[in-house]
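Let's walk through a structure with a ligand and some helix packing, one question at a time. Have the model open as you read.

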Amino acid sequence: MEYTKAWLNYRQVEQIRFPFDTIYVQNDCVVAETAAKELCLAVKELLKIKLQCIANIAEMQTALQKDNRNALFLLHDNAAYAQTKVPGGYTISLQEAGLIICGSDANGLLYGVFELIRLIQTESPLLSKVCHGKEALVKSPSNPLRMLNHWDNMDGSIERGYSGNSFFFAKDEMIVNERTREYARLLASVGINATVINNVNVKQAATWLITERYFNGLKQMAAIFAEYGVKLFLSLNFAAPMELGGLNLCDPLDDKVRAFWKKKMQEVYDAIPDFGGFLVKADSEGRPGPFTYGRNHADGANMLAEAVAPYGGLIIWRCFVYNCTQDWRDYKTDRARAGYDNFMPLDGKFLDNVILQIKNGPMDFQVREAVSPLFSGLRQTNQMLEVQAAQEYTGQQKHLCYLVPMWKEVLQFKTYAGGSDGAAADTVADIVSGRFYGQKHCGMAAVANTGNDENWTGHDMAAANFYGFGRLAYDTELTSEEIASEWIRCTYGSDTEVHKIMLQLLMESWPIYESYTSPLGIGWMVNPNHHYGPNVDGYEYDRWGTYHRSDCKGMGVDRTMKGTGYTMQYNEPNASMYESMETCPEELLLFFHHVPYTWKLKTGKTLIQHIYDSHFEGAMKAQQMLEQFRALKERLEPEVYARIYERFKLQSDHSKEWRDRINTYYYRISGIPDEKGRTIY
Ligand code: GCU
């Protein structure tokens, strides 16, 4: 299948003065070679300049001593030119010898090269400052691990995939081809350094990924990824000792089970020496795990961690563990509490090469949720933030929903882990980066939104979430606008009108989506199973623990001390802030409280009027998005315009369905009419 170059679509740029004609590369490893190749390709396509590439270290050393301003040097691990030592960091500076891109390691060099390419692509004013020695550019990644989690199945389907089928698997076979390399390029270009290629729900053939059957394919794939500094990870099946090893149990404390894993890991690492490690979903939504044997998550994770430790492997253990056979009549059991309840007692019990991967939010990737309190609690455990770029609950890549602003809010959330006076730098970003507790293994993961669609992400503009995740994980200080703006320029070139309109569309998209879907942090209200489209009671009487508790007087879940007690999982002053209806941030009001429809919000509107207004306005804004986008008809390539237009049309129509379903439901249940007398059915 054909595919686009996404943001690596190199269009010619006219206005750039680029004084370099030769590059010297310290090509002592495959990543450095890639860096040189990528730079030559980009400069050729963007600037129509053919660089001469000298890959001889002795010649490079001589050239470094000369006064030769039109040379470009690609170096790594060189203390003389690197102003950062952080792995994956880089320094770009003009010296007597020429422009030097020096990575703190080879990955850093590659990221530095992609930064230079991006400066050219976006015609950034910074480029001339850097190229003329007015400024050195020094960057270090905020997070050590910057990872994608693909939920791809071996039959080629993708769980929660909205962009076609898998480009890793089909019919229980692996796919390794040119697209594999193109994918790795996209990752490296935004600083992603690890990827899990198969679904966390590991079943059937996927269980066999850790066997001879797939070693060849995995080895080839890992080798391509390695060219781009990306580590290959897999999800594993905790019950593999039974399904593959012929044992009758998978108890993590059983000697035979432990021996099985030790041997298995040896086989895996013999076949794929630079393999990263494993992601594990255990005792969650029906997946096997240590609970069956009365063991805990630390027993399970540590057993695997011991088995991969000799090879430097990591075990990433998911905290998405909750009771999924709840009774809707039960008002005490609270899914939001579950992560904290399950994992806080184990703080400090995990081995050093285990990372707990914490999903945000604590329920499940809703359009608005409180930040998981586990980030505020765990002190002696490696932690990683998991977000979902795949738009399972945020419009399934039919609706536009730029998620970087949501992820920024999560990262900026103050945990008060360093004390209630607020003096410490203890945001979620500080914690998952390892800055706060000095942890080495930590970072960010996103459930990927890609598939084998021509444009990679179904909605062309959903690629901003793919791009944005990588850029944000690399540099959590970047603003959402900066990231969106870069993505637009890289993908669509320098047309200022395209830039203006697309930026506006992206930046408004999350609030708009939120306003016509479920109100004030309550979440869900979607059709069961596939999760697309409105269905207020879709999950209300179900077993999944996702209720809105609407009755004729009010709605929302009481998570205060009188209710489920969830508010108490936060540190002060967050706990008190959420506990009181007066101080709870309004966008989360229904997440934390059961609120009467007549409750007055800060705007002076009642809750019910807010629901009506936001739904009428949200749906209207969705129509306006379509109109705004129409202005780009002559400015985008026809097929690109047509693809995006079709999505905005769907969104505009579908937002009316959301508006009317929600408004009608709440009008019927509350009996309170809209003050403005608009049509409610
Ligand atoms: C959500 C999603 C599932 C997925 C699960 C997970 O519940 O709907 O498809 O398996 O998250 O994160 O494991």
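Q: How many residues surround the ligand, and which are the closest?
A: Keep in mind that this is a predicted model. The shell around the ligand counts residues with a heavy atom within 4 Å of it. That gives 13 residues, and the closest are Glu159, Lys281, Arg318, Asp364 and Glu392.

Q: By class, what does the shell around the ligand have?
A: Sort the shell into nonpolar, polar and charged residues. Three are nonpolar and two are polar. The rest of the tally is charged residues, and there are eight.

Q: How many Å from an oxygen atom of the ligand does a polar side-chain atom of Glu159 lie?
A: Pairs of N or O atoms within 3.5 Å pass as polar contacts. Glu285 has a polar side-chain atom 3.3 Å from a ligand oxygen, and Asn201 has one at 3.0 Å from a ligand oxygen. For Glu159, the distance from a polar side-chain atom to an oxygen of the ligand is 2.4 Å.

Q: What percentage of the ligand's accessible area does the protein cover?
A: Start from the ligand on its own, which has 320 Å² of accessible area. Put the protein around it, and the share covered is 95%.

Q: Are helix 1 and helix 3 roughly parallel or roughly perpendicular to each other?
A: Helix 1 spans residues 30-47, and its axis runs 8 Å from that of helix 3, at an angle of about 5°. Angles under 35 degrees count as roughly parallel. Helix 1 and helix 3 are therefore roughly parallel.

Q: How many nonpolar residues are in the contact of helix 1 with helix 3?
A: On the helix 1 side, the residues include Val31, Leu39 and Val43, and they meet a helix 3 set including Leu109, Val113 and Ile117. Three residues of this contact are polar and one is charged. The nonpolar count is 16.

Q: Is helix 3 roughly parallel or roughly perpendicular to helix 5?
A: Helix 3 (residues 106-121) and helix 5 (residues 178-189) have axes that come within 9 Å and cross at roughly 85°. Since 65 to 115 degrees is the perpendicular range, the verdict for helix 3 against helix 5 is roughly perpendicular.

Q: Which residues of helix 5 make the contact with helix 3?
A: From helix 3 come Leu110, Tyr111, Phe114 and Arg118. The contact as a whole divides into four nonpolar, one polar and two charged residues. Helix 5 supplies Arg185, Ala188 and Ser189.

Q: Which residue does a cis peptide bond join to Asn360?
A: Omega is about 5° at this bond. The partner lies in the loop between strand 14 (354-359) and helix 11 (374-377). That residue is Gly361.

Q: Which residue has a positive phi although it is not a glycine?
A: Look in the loop between strand 15 (383-388) and helix 12 (404-412). The phi there is about 60°, and the residue is Gln397.

Conventions:
Residues numbered from 1 in each chain as written. Predicted model: local features only at pLDDT ≥ 70, side-chain atom pairs only at ≥ 80, totals over all residues. Heavy atoms only, no water. Axes fitted to C-alpha atoms, helices over the stretch in contact; angles between N-to-C directions. Helix = DSSP H or I, 4+ residues; strand = E, 2+ residues; numbered from the N terminus. Parallel < 35°, antiparallel > 145°, perpendicular 65-115°, else oblique. Contact = heavy atoms within 4.5 Å. Nonpolar A, V, L, I, M, F, W, Y, C, P; charged D, E, K, R; others polar. Polar contact = N/O pair within 3.5 Å; in protein donor to acceptor, adjacent residues only side chain to side chain. Areas by Shrake-Rupley, 256 points an atom, 1.4 Å probe, with all protein chains shown as cover.
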